Structure formats: C-alpha cells, structure tokens
Amino acid sequence: MVLGTIFDEYVSPVEVDRLWKAIICDAHHLMPKLLPGIISSIDILEGDGGVGTIKKFNFTNAVKECSYVKDRVEVMDEENRIFTYSIVEGGILGLKVKSYIAEVSFTSTNEGGCLAKLKIQYESMSHRNDLLSEEDIKNIKKGFLAMVKVVDAFLLANPSSYV
C-alpha cells in the first residue's frame with residue numbers, strides 16, 4: 001500500500017463566511033440545485049450536519065464510475081473554517097483507493113474574498129502499490145474547482161444569499 005496526497009487551491013472573490021455557509025453547511029440543499037446534471041440529490045443519512053454526520057451524494061448518469069458516494073464528517077471547525085470528511089462507501093473507495101480523507105479550508109484574503117484549499121490523503125488498494133493516475137487526480141481537482149466556481153457564481157449573482 002502506498003499513501004498519496006493531493007493538493008489544490010482556489011482564490012474566490014466571495015468572503016469566507018458566505019462560501020462556508022453555502023458550500024459546507026448547506027451543500028445538501030444547494031449543490032443539487034446548482035449542479036443538477038451531476039448531483040441528483042444529497043441525503044443526510046445520520047446526524048445533524050456536524051461531526052459524525054453521514055451524507056449520501058447521489059450522482060446522475062453523467063458520472064460514469066459510480067452512482068453515489070457516502071461520506072462522514074470528521075471535523076467541522078466553524079471558527080477556523082476547516083471541514084474534513086472521509087469517504088465511507090462508494091465513489092472511488094474500493095475501486096481505486098482503500099481509504100480517502102479530505103480537508104477543505106477557507107481563509108480570508110486581503111481583497112475581501114477567500115482562499116479555498118483542498119488536501120486529500122488516500123491509501124492505495126492493498127493489491128496495487130501505485131498511486132492514483134494523473135487523470136484521476138486531474139478529475140478530482142476538476143470536481144473540487146467546479147463546485148467552488150458554481151457556488152461562487154451563485155453567491156455573486158445573489159448577494160443577499162448566505163449572509
């Protein structure tokens with residue numbers, strides 16, 4: 001088994017509190033509305049949105065590799081705007097990785113927006129000692145960027161939302 005890490009970041013023109021509320025706290029309502037071609041629904045299976053909450057992201061046929069992914073909230077640090085989750089079922093778990101945990105953090109920029117950072121740590125499958133392919137990593141980063149950009153666009157077009 002091999003441990004791998006993926007990093008990505010994005011500078012958003014939206015202030016930290018609004019982006020946090022929209023993309024972290026209310027993702028289960030907002031993301032299916034903003035990305036209906038990719039996410040058909042997000043169901044909260046256990047919990048109240050905080051640590052221990054298990055969510056199921058149901059994908060449309062546009063996502064070829066899997067129909068859903070379940071994740072568990074590991075850290076919900078509202079003060080420091082750090083959100084950590086692990087995949088517990090579905091997605092690339094069991095297909096390409098043995099374990100997968102992601103941390104998303106938001107920090108204010110001097111321009112009034114925020115810096116969104118993604119850090120993913122994963123463990124390769126036990127029978128394979130290779131890391132995710134460059135294509136897999138590109139797709140993971142592309143998915144993160146697409147979600148943040150679509151929320152950015154929504155928040156910029158709706159300045160009274162998530163204030």
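**A charge over a ring, two helices and aromatic pairs**

In this predicted model, the charged end of Lys 56 sits over the ring of Tyr 68, at 4.8 Å from the centre of that ring.

From this single placement we can turn to the helices, where α1, which covers residues 16-25, packs against α2, which covers residues 27-34, with an angle of about 85° between them and their axes 6 Å apart. Because angles of 65 to 115 degrees count as roughly perpendicular, α1 and α2 are described as roughly perpendicular to each other. On the side of α1 the contact is made by Ala 22, Ile 23, Ile 24 and Cys 25, while α2 contributes Ala 27, His 28 and Leu 30. Sorted by character, the residues of this contact comprise six nonpolar and one polar, with no charged residue.

Helix α1 also takes part in an aromatic pair, and a search of the whole structure finds three such pairs. In one of them, the rings of Trp 20 and Phe 106 have their centres 6.1 Å apart and their planes at 85°, so the pair is edge-to-face. This pair links distant parts of the chain, since Trp 20 lies in helix α1 and Phe 106 in strand β6 (residues 97-108), 86 residues apart. Trp 20 is buried, with a relative accessible area of 1%, and Phe 106 is likewise buried, at 3%.

Another aromatic pair is formed by Phe 83 and Tyr 85, whose rings are tilted, with 5.8 Å from centre to centre and 35° between the planes. Since buried means under 20% relative accessible area, Phe 83 counts as buried at 7%, and Tyr 85 is buried at 17%.

Technical notes: Residues are numbered from 1 along each chain as its sequence is written. This is a predicted model: local features need pLDDT of at least 70, side-chain atom pairs count only at pLDDT 80 or more; totals for chains, interfaces and linings use all residues. Side-chain values use heavy atoms; hydrogens and water are left out. Axes are lines fitted to C-alpha atoms, for helices over the stretch in contact, and angles run from 0 to 180 degrees between N-to-C directions. Helices (H or I, at least four residues) and strands (E, at least two) are DSSP runs, numbered from the N terminus. Angles under 35 degrees count as roughly parallel, over 145 as roughly antiparallel, 65 to 115 as roughly perpendicular and the rest as oblique. Contact means heavy atoms within 4.5 Å. Ala, Val, Leu, Ile, Met, Phe, Trp, Tyr, Cys and Pro count as nonpolar, Asp, Glu, Lys and Arg as charged, and the others, Gly among them, as polar. Rings of Phe, Tyr and Trp (its six-membered ring) pair if their centres lie within 6.5 Å; planes under 30 degrees apart count as stacked, over 60 as edge-to-face and the rest as tilted. Buried means under 20% relative accessible area, exposed over 50%, partly exposed in between (1.4 Å probe, protein chains only). A charge sits over a ring if NZ of Lys or CZ of Arg is within 6 Å of the ring centre and within 35 degrees of the ring normal.
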